[in-house]
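Got your viewer open? Let's take a walk through this one together, stop by stop.

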Amino acid sequence: MKITEAFERGEFVVTAEVGPPKGFHIEHVLEEAKTYLSGITAVNVTDNQSSVMRLGSLATCKALKDEGLTPIFQLTCRDRNRIALQSDLLSAAMFGIENLLLLTGDHTKLGDHKAAKPVFDLDSVSLIHTVKQLEAGVDLGGNDLVGEAPKFAKGAVVSPCSDSVDAQLAKMERKVAAGCDYFQTQAVFEPEKFIQFMEKAKQFGKPVQVGIIIPKSAGMAKFMNNNVAGIHVPDEMIEELKKDKEKTKAGITGVEIAARIIKECRPYCQGVHIMALGWESKVPELLKQAGI
Amino acid sequence: MLITQLKAKETIVSLAAGKKVFIINCQGCKEVHFPEAEVKELEKELADSGNVTGTITTDYICNPENMKLRLEKHKSEIEAADAVLVFSCGVGVQTVAGYLEDKKVYAACDTYPLPGFQGVTPLEYNCDQCGECYLNLTGGICPITACSKSLVNGQCGGSKNGKCEVDSEMECGWERIYRRLAQVGRLDALKCPTQVRNFATDDEVSK
């Protein structure tokens with residue numbers, strides 16, 4: 001099923017992401033996804049997230065699909081040139097994977113293979129353009145595809161709490177112009193900034209899912225503030241995480257905070273995307289508390 | 001050695017259309033092949049239209065001090081112009097754009113590399129000689145060299161406090177580009193069609 005169908009039905013669309021392991025045994029990932037994520041619309045699979053080498057996104061998507069889940073194939077431009085990207089897109093179509101999240105990707109310098117060559121032959125916008133072209137039955141080199149052209153729901157990301165939000169909006173507009181169907185955002189901890197962002201972003205007429213990370217500890221929040229672009233956890237939230245260490249450790253405080261953010265953002269967007277970062281087991285409780 | 005090649009005539013004419021322009025030619029560098037005859041012919045056509053406020057043919061505009069000195073004598077002509085059209089390699093265009101902060105500065109040439117001895121690119125190395133100059137879409141700041149991912153369609157999500165995710169000392173190139181386009185009233189340049197890079201640099205590509 002294409003995620004765009006759920007948006008068209010007017011659903012508040014819930015997705016969550018899973019990260020493939022650094023190894024080829026995937027049973028644990030599949031088990032967690034089946035147990036905790038089977039009730040939601042679709043499951044994102046990250047593509048060598050943070051430039052750390054892992055099991056492939058496409059293979060994991062196929063395994064999830066075989067288990068009856070709806071995968072979203074995340075595809076970055078960091079590791080593949082335009083030939084490899086298009087080839088993987090056709091492979092996805094062959095497996096019946098219909099949902100894409102198309103990204104530029106983190107730089108190789110951020111990951112665990114710092115000596116690797118960063119590719120960036122295409123970027124997020126030209127990758128969307130490329131998919132659009134494949135859907136018209138022509139590859140980026142201008143050659144006709146053989147047989148049926150693939151059809152995808154084409155997603156992209158945007159960073160609503162970025163300190164350069166105007167440049168982000170300009171990029172979002174280019175993604176829409178290139179053919180993007182829906183957006184998932186970087187994690188939001190400042191609902192008021194997200195709401196201001198949506199006031200400007202709604203003109204593009206594309207569904208937006210607010211990005212949510214469940215904060216695990218005050219230390220994690222501070223780490224994100226210092227190191228992760230587009231994320232700022234306010235001081236009072238860090239205080240809240242510090243207040244009752246046991247409660248925070250059990251995930252209760254983090255889930256309360258995340259549920260509150262979802263509730264505040266919900267009237268302004270079309271869905272939520274949860275990046276549980278290993279806390280997939282907390283997703284059902286989070287959704288319950290958020291009233292979804 | 002570097003080769004600068006004139007952009008397509010229609011491209012240059014459309015850059016100058018409806019504007020008063022000041023023209024800068026750089027012919028200093030002995031290692032650069034400069035399309036002198038074609039430039040002269042084109043500039044004559046532009047001048048005949050009556051919209052050229054002044055022309056200067058000089059050398060080494062890539063050297064900021066030298067460039068400032070040369071432009072000083074043409075201050076009023078530059079002030080009278082809506083835009084400055086630069087016939088030089090990518091380094092020269094960026095040096096002029098950096099100096100004339102409030103002016104629209106356009107590149108009239110694409111810069112191609114040629115194997116062998118590389119020409120004089122003094123001070124900051126900020127032209128990659130990619131052969132498809134983007135400076136007219138990016139306010140005279142090169143996205144190939146100013147962005148660590150060489151993105152040509154806008155900012156990625158990796159900028160924090162205006163700095164690049166790769167190097168906390170390096171300013172985000174696309175933030176610089178956005179700021180500059182806002183400053184010269186050219187944010188509409190961001191609405192250009194999706195750019196797909198051409199790595200086959202032997203092809204003639206003009207923007």
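**Stop 1: where the chains meet**

Start by colouring chain A and chain B separately: between them they bury about 2400 Å², with 51% of that on carbon and sulfur atoms. Now select B:N153, B:Q155 and B:K160, the residues of chain B that lose the most area to chain A, together 25% of what that side buries. Keep in mind as you look around that this is a predicted model.

Want the whole contact zone? You'll be picking 27 residues of chain B, which are in contact with 33 residues of chain A.

**Stop 2: pairs across the interface**

How many salt bridges does the rule find across the interface of chain B and chain A? The count there is 1. To see a salt bridge between the chains, show the side chains of B:K191 and A:E173, which meet at 2.9 Å, N to O. Side chains of opposite charge can pair when their charged atoms come close.

Polar contacts are worth showing too: 17 residue pairs make them between chain B and chain A, counting pairs with both residues at pLDDT 80 or more. Next, colour the side of chain B that touches chain A by residue class, and you'll get 10 nonpolar, 11 polar and 6 charged residues.

**Stop 3: a bridge inside chain A**

Over all chains, the structure has 28 salt bridges. For one of them, zoom in on A:K200 and A:D166, where the closest N and O atoms are 3.9 Å apart. A:K200 sits in helix 7 (residues 191-201) of chain A and A:D166 in helix 6 (residues 165-178) of chain A, so this pair ties together parts that are 34 residues apart in sequence.

**Stop 4: the cavities**

Time to look for empty space: a search of the whole structure turns up 4 cavities of 30 Å³ or more.

Which residues lie nearest the centre of the largest cavity? Select B:C147, B:S148, B:C156, B:C164 and B:C172. They belong to a lining of 17 residues, which splits into 8 nonpolar, 6 polar and 3 charged. The volume of this largest cavity is about 120 Å³.

Then hop over to the second largest cavity, with about 100 Å³ of space. Nearest its centre are B:C127, B:C130, B:C133, B:Y134 and B:C142, out of 14 lining residues. By class, that lining has 8 nonpolar, 5 polar and 1 charged. Finish by showing helix 5 (90-99) and helix 6 (143-146) of chain B, since each supplies at least two residues of the lining of the second largest cavity.

Definitions and conventions
Residues are numbered from 1 along each chain as its sequence is written. Chains are lettered from A and ligands numbered from 1 in the order in which they are written. This is a predicted model: local features need pLDDT of at least 70, side-chain atom pairs count only at pLDDT 80 or more; totals for chains, interfaces and linings use all residues. Side-chain values use heavy atoms; hydrogens and water are left out. Contact means heavy atoms within 4.5 Å. Buried area is the accessible area (1.4 Å probe) that two parts lose on being put together, summed over both. A salt bridge is a side-chain nitrogen of Lys or Arg within 4 Å of a carboxyl oxygen of Asp or Glu. A polar contact is a pair of N or O atoms within 3.5 Å; within protein, one must be able to donate a hydrogen and the other to accept it, and residues adjacent in sequence count only if both atoms are side-chain atoms. Ala, Val, Leu, Ile, Met, Phe, Trp, Tyr, Cys and Pro count as nonpolar, Asp, Glu, Lys and Arg as charged, and the others, Gly among them, as polar. On a 1 Å grid over the protein atoms alone, a cavity is a set of points where a 1.4 Å probe fits but cannot get out, and a pocket is an open set with protein on both sides within 12 Å along at least five of seven lines; lining residues have an atom within 4 Å of a point. Grid points are joined across faces, edges and corners, and a volume is the space filled by probe spheres set on the points. Helices (H or I, at least four residues) and strands (E, at least two) are DSSP runs, numbered from the N terminus.
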